[in-house]
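Reader: I am new to this structure. Please take me through some of its details, one topic at a time.

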Amino acid sequence: MKDLAKQPPFSTLLLTNQAIVRGALEAGVTFAATYPGTPASEIGDTFYRVFRSGEIPEFRFEYAVNEKAAIETVIGFSQAGHRAMASMKHVGLNVAADAFMTFAYLGVKGGTVIVSADDPGCHSSQNEQDNRLFAKLAYMPMIEPATPQEAKDLVVAAYPLSEDLAVPILLRLTTRIAHMRGIVDFGPFKSRPENRGVFVKDPYNLVVLPANARRLHPKLLKKLARAEAIFGKAPFARFTPGEGKVGIIATGVSRNYVKNILQEYNIGAQAALLEMAGTNPLPKTVIADFLAKYPKVLIVEELQPFVEDQVLAIAGGKGLGVEVLGKHTDDLPEVGEFDIDTVARAMSRLIPDIKVGSESVQAPDVPIRPPVLCPGCPHRATYAMVKEVIPDAIWSTDIGCYTLGINKPFEMADLLVCMGASVTAGGALSVAQQKPVVAFIGDSTFFHMGLSGLANAIFNRHNLLLVVLDNTTTAMTGFQPNPGWGGQATIDIEKIAQAMGAAFTATVDPYDTPRMLNAVKQAASTPGVSVIVSKSPCVQAGEKSGFTARITTKYRIERSKCQHCGNLDAGRHCRMPIQRDYTSVRVNKRLWSMDVKVDMPKALENPPCTAACPINLCAQGYVGYVAAGDFEGAFELVRKRLPLPSLCAYVCHHPCEDACTLNAMGDDPVAIRMLKRAAIHFGRRGGVLKPGEPTGKRVAVVGGGPAGLSAASDLIEAGHGVTIFEASDRLGGIPEQVIPEFRLPREEYEKDIRDIVDMGVDVKLNRAMGRDFSLQDLQKQYDAVLLCIGRTEPRRLAGAEGVEGVVDAMAFLRDPDALDLKGRSVGVIGGGNTAMDTARQARRMGAEVMVFYRRDQASMPALPEEVHAAMQEGVTFEFLASPRSFENRNGQVEVVFDRMELKGTDADGRGRPVPVQGGDFVRSMDMCMKAIGERSGAAAVLQGSGVTLDKGGSIQIDPDTMMTSVDGVFAGGDGAMGQGTVIHAVRDGKAAAAAIDAFLKTGKAVVPDQYKPVKQEKTFKPPRFKAQGRLIEQDPIEWEGRIFPEGWTRETFKQKAVEEAGRCIQCGTCANCTACIDKTGCPAIIMGPQGPEILEDQCVGCGLCALVCPNDAIIKYKVE
Amino acid sequence: MAFRIQIVGVGGHGVILVARVLSQCAADAGMHCVMSEVHGMSQRGGIVHSSVVIDGGDAPLIGTGQADLLVASEAGEALRQGGLLKAGGTLVLNELTVLPPHMVGTDDAYPSVDEVTRWFTEHGFRVWRVQGSRIAEDAGSIRVMNSAMLGTIVKSGVLPFDMKQMTEALITVTRGRLREKNIAALHRGFEECRMEAL
């Protein structure tokens, strides 16, 4: 800024705002004050640099806390004889209006200029008000320059004028003028008033008691009348005659456009031009003379018809028959900023030679580019953290960079009025409606107008969370200091809030996420006005204001962890589209886990629930969708991989829950199976999977149980034709036939089956292999055959066969009503789920039921909750009891049991039961039901087919191909070495379908890796963690026979499901994740071909992305 | 003879500096010059544009079809303001596209450098392309990308300024440790650009 103090002759390129400062210095100004605001900021900043350089003796500059303070301090200096200047943006004059209006009455001692920089087009403002009306309102002389040189010259001229008239002068700029740069010739420094620094008491004129004010008003009018005469002459008015009868009156930047167009078309002589640089009061005589000579005039001025109205009044008053073109004739707009085309079009009404844009080409539309918060902006962190705690508040925002929080991903701006209104309007909103209200205000804005607003909110008991975004600078206008930092004194915002009586206060670094989240949480739950000072310096400020801001660390994305899923390489990835809400759940979990200091097994390659599932269904995924309230998303994810969702949601033995990480953390596992039920209940839709491109191949599936149905679904998706041959009269297999309704509502299971059939399965019921057709028949007609024939033959129990009163449990379950069990005693032999179903079914029919099992309770293959339920329902148990002989005596079945004990272990790891010598005992019962399992009936139906069976009679298959000993004949499920659970049957069906697909397409059957068991990594120590317990399904009995327990509504179920899903800690990585983009919106992160990438030159190392990344994939590195 | 130059780009690209150096060149050559720039909110990653009018009066804006030269640090922004060029005008284009942040992760189309070049050449404009980002990285700071464009402007021959004048103006306007890097980039921008026209 050295140049600005130079002596003439000197000329240099200056911004108009800088030229104004030079003008002020030439004029001998010794005091300037401002509150920064675009487009006026550079005036104050330049003064500030001059002040700090000390090059101008006796000069003082102040950043005022607001515009009112700026004008009032200027009043003080002026009354003490100093020449002074206050500058502000247009809306700043609203704040200062109280002082401004009366200042005109008081008048000046030292000359004073007040600069108002208007913003037509709202480049950087909340409105485009026309402050020329303020001059009229205040009876204040107003000057409007059109170039940097003229601005400097007019300022120099304004000071003696101000002193001569004893009135302050308004210098009105617009953005285009303020931010115009041009060559400025410097003039000499004028001498300063000699009586400066002396205040002469003059209460008669300086204390505006009503009596004095009444007298000062007419005095002011007289001053203005004198100004009018002066404004009729150069340099305030310039007249260029024309040859014709048309004239143009122009002000401000429009003067430049008009002259440019006249020059461009070389038509200068055709229209007369009256340029007005003194626009209040307008010189009436000069205008009347102009109108008389040129009876058709165009008035060219931006915004309101300020001059035009007065020209019309002059013409009317003088009775001049003139035609006035402008805004009232719709030749020029009353809104927005002018450009050359707009002015040229209006001028063509006077001068037809002007043709606008006739030779130009129209450029195509380009996507918009709205401004965004900078990379590393601490507001980003504040917004992300506040939203994490209070996702759906009403956001009352204020004037500053942080208004950009309106954009995605935050969308945290619901109301914006003016400086400080976030606190007051937001406070009112907090009591005017029910939702929580959070107000955001910058540090500078807080001191500007937030202080009194905070007092208002506390005094009136509003219920507001005020977040002061303290970046220790006034960032948007160019990093000016404010009372919170960088000035003579530093004022602690939190202490102010405390002193005012805020209910909760905190000063937190928003990147210290645990503290920030907790502060917001505490503030949100504290009634009254809470104030959080979110303090982190502006990343731009350092560089721009010359302070150190050297970036020493940056972040990069580790490709192997980003968008990673343990299922990805194996082809098990869910392929679900990126889902913002789900991302939120994952990020939320991560941030809050930091909060409770959970040393989570972060970024497990594969969540254990998924790894434990035989079909590797991503439970973390659909639980995440449920937690996000997206039940459709959850269902879609489930159905894509699991053809029989309801069947599994009701009867699956849920290995996922047994593997849940929460078990190891001392908590109940997430109720995954029940959440699947919720996903189905609220999100089910048909047609998630569509038939594939037809291959022309046909596959026969024998058996319509879980394995066969699952295979059919996948085969059709792969494009093959499928026919299911089912021996019974309905699809569904063993679960359909024997599982009691109270465990598996048939209506739900049937929806699963219908969805598969609707994909286009050809279903042939009552068609049994070995009876109605042979395998050879199928081999002839189909390209491949899949045998899913299940286990149909009851296992034999030595000594029990043929004894009257001993019945097979499966037969009983198939048709329970065939028996009348009311009041009768029933013994059930077995410890599996069939035994439990049998016992509970019999109990429900009124029987006294006792279960006999040869091992102890812990060794029961039945689901623990089923055992528990049976006990609760009154079924009694005799453990370590193995039947030795059966006899029917007088209608009673007498069973002799051996008392057993467990010694050593069996092949499956359970204790081996051996009889205790002499421990036998006898029990009598009306009926004995044996539920000891079934075996394959393959031998009978496959006789002569060439298919090899194993020792137990099951179909032997190669697990790598699912193929039997006969080429093209595949098998799966319980009938083929299956493991006897529904989910394993589904897995076999799917694995076989995949193998058949490969066989039909390549000639080689292969079970893809995705159906092989996943090795589960487990490398974490149970951390400190507050166990919550299940929020759903505490008592399984409540859930039986119905979708959700009695007394609940759909909404209860939905809400509880969301809450329960929220317990999932999302311990695995996810390949759908774009959290860094979705949660921060940082412009340094782009979506590359392989996933998100961080642009090195844009990253400033704030680390917010690394904080939110649930995959732990964002890594810090050092830079030179 | 008047020269009207529109400089466009994205906040942070140094658009204003290009305009200031061109204005300085004009002032040093004793020509009349006005320049218009935008400040404040517009700079936060948004569109930045600046006009320089040399010996063409005091109007700081350029009308449709008035610009002799369009200088763009980003391809999409060049296209957005393509209508300002007069028939036969010239575009100096930095080979860079910056996707607006709201488009990240979407499939919406955004014009490429080649598409933008094609549009201008097809409409009869000359296009001078320069890999400013690469030159700036070589020079040691991405922030001197704009100086590479200044070199290309000289090379295009649209303005009556030579490398000596441009270098002097650059020295006048820039400060501190980036000055050397700016000058290096200026020279490479002059040498390594290429012209495309139909």
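**A residue, two sheets and some salt bridges**

Author: Leaving aside residues up to four places away in sequence, A:A346 touches A:L298, A:D331 and A:L332, where contact means heavy atoms within 4.5 Å. The model is a predicted one, in which local features need pLDDT of at least 70 and side-chain atom pairs count only at pLDDT 80 or more, while totals for chains, interfaces and linings use all residues. Residues are numbered from 1 along each chain as its sequence is written, chains are lettered from A and ligands numbered from 1 in the order in which they are written, and side-chain values use heavy atoms, with hydrogens and water left out.

Reader: Where does A:A346 sit, in which helix?

Author: A:A346 belongs to helix α13 (residues 340–347) of chain A. Helices (H or I, at least four residues) and strands (E, at least two) are DSSP runs, numbered from the N terminus.

Reader: And is A:A346 buried or exposed?

Author: A:A346 is buried, at a relative accessible area of 1%. Buried means under 20% relative accessible area, exposed means over 50%, and partly exposed lies in between (1.4 Å probe, protein chains only).

Reader: Let's turn to sheets. What is the order of the strands in the one that holds β26(A)?

Author: That open sheet has five strands, in the order β26-β34-β27-β28-β29 of chain A, with parallel pairing; two strands pair if DSSP finds at least two bridges between them. Its edges are β26 (806–808) and β29 (876–878) of chain A, each of which pairs on one side only. On average, neighbouring strands are turned by 25° against each other, direction ignored. For such angles, axes are lines fitted to C-alpha atoms, for helices over the stretch in contact, and the values run from 0 to 180 degrees between N-to-C directions.

Reader: Which helix packs on that sheet?

Author: Helix α33 (residues 833–844) of chain A does, touching β27 (825–829), β28 (848–852), β29 and β34 of chain A, and its direction makes about 165° with that of β28(A). At the β26 edge, three bridges join β26(A) in the parallel sense to strand β34 (residues 927–930) of chain A, and A:V806 stands opposite A:C928 in β34(A).

Reader: What about the sheet with β36(A), what order do its strands take?

Author: The order there is β23-β22-β21-β24-β36 of chain A, in an open sheet of five strands with parallel pairing. Its edge strands are β23 (762–764) and β36 (969–971) of chain A, each pairing on one side only. The twist from one strand to the next averages 20°. Helix α28 (residues 706–717) of chain A packs on this sheet, in contact with β21 (698–702), β22 and β24 (784–787) of chain A, and its direction makes about 165° with that of β22(A). Helix α36 (residues 982–1002) of chain A lies across β21, β24 and β36 of chain A, at about 165° to β24(A).

Reader: How do β2(A) and β3(A) fit together?

Author: Strand β2 (residues 31–34) of chain A runs parallel to β3(A), joined by four bridges. One facing pair is A:T34 with A:Y63 in β3(A). The chain crosses from β2(A) to β3(A) through helix α2 (residues 41–53) of chain A, a right-handed β-α-β crossover. Right-handed here means that, with the strands pointing away from the viewer, the path from the first strand over the helix to the second runs clockwise. Strand β3 (residues 60–63) has A:F61 and A:Y63 on its covered face and A:R60 and A:E62 on its uncovered one.

Reader: New topic: how many salt bridges are there over all chains?

Author: The count comes to 78 over all chains, a salt bridge being a side-chain nitrogen of Lys or Arg within 4 Å of a carboxyl oxygen of Asp or Glu. In one of them B:E37 meets A:R181, with the closest N and O atoms 3.0 Å apart. This pair crosses between chains, from the loop between β2 (33–36) and β3 (47–54) of chain B to strand β8 (residues 180–185) of chain A.

Reader: Why does B:E37 count as buried?

Author: B:E37 counts as buried because its relative accessibility is 3%. Its partner A:R181 is also buried, at 6%.

Reader: Which residue meets A:D906 in a salt bridge?

Author: That is A:R912, at 3.7 Å from N to O. A:D906 is partly exposed at 23% relative accessibility, and A:R912 is partly exposed at 41%.
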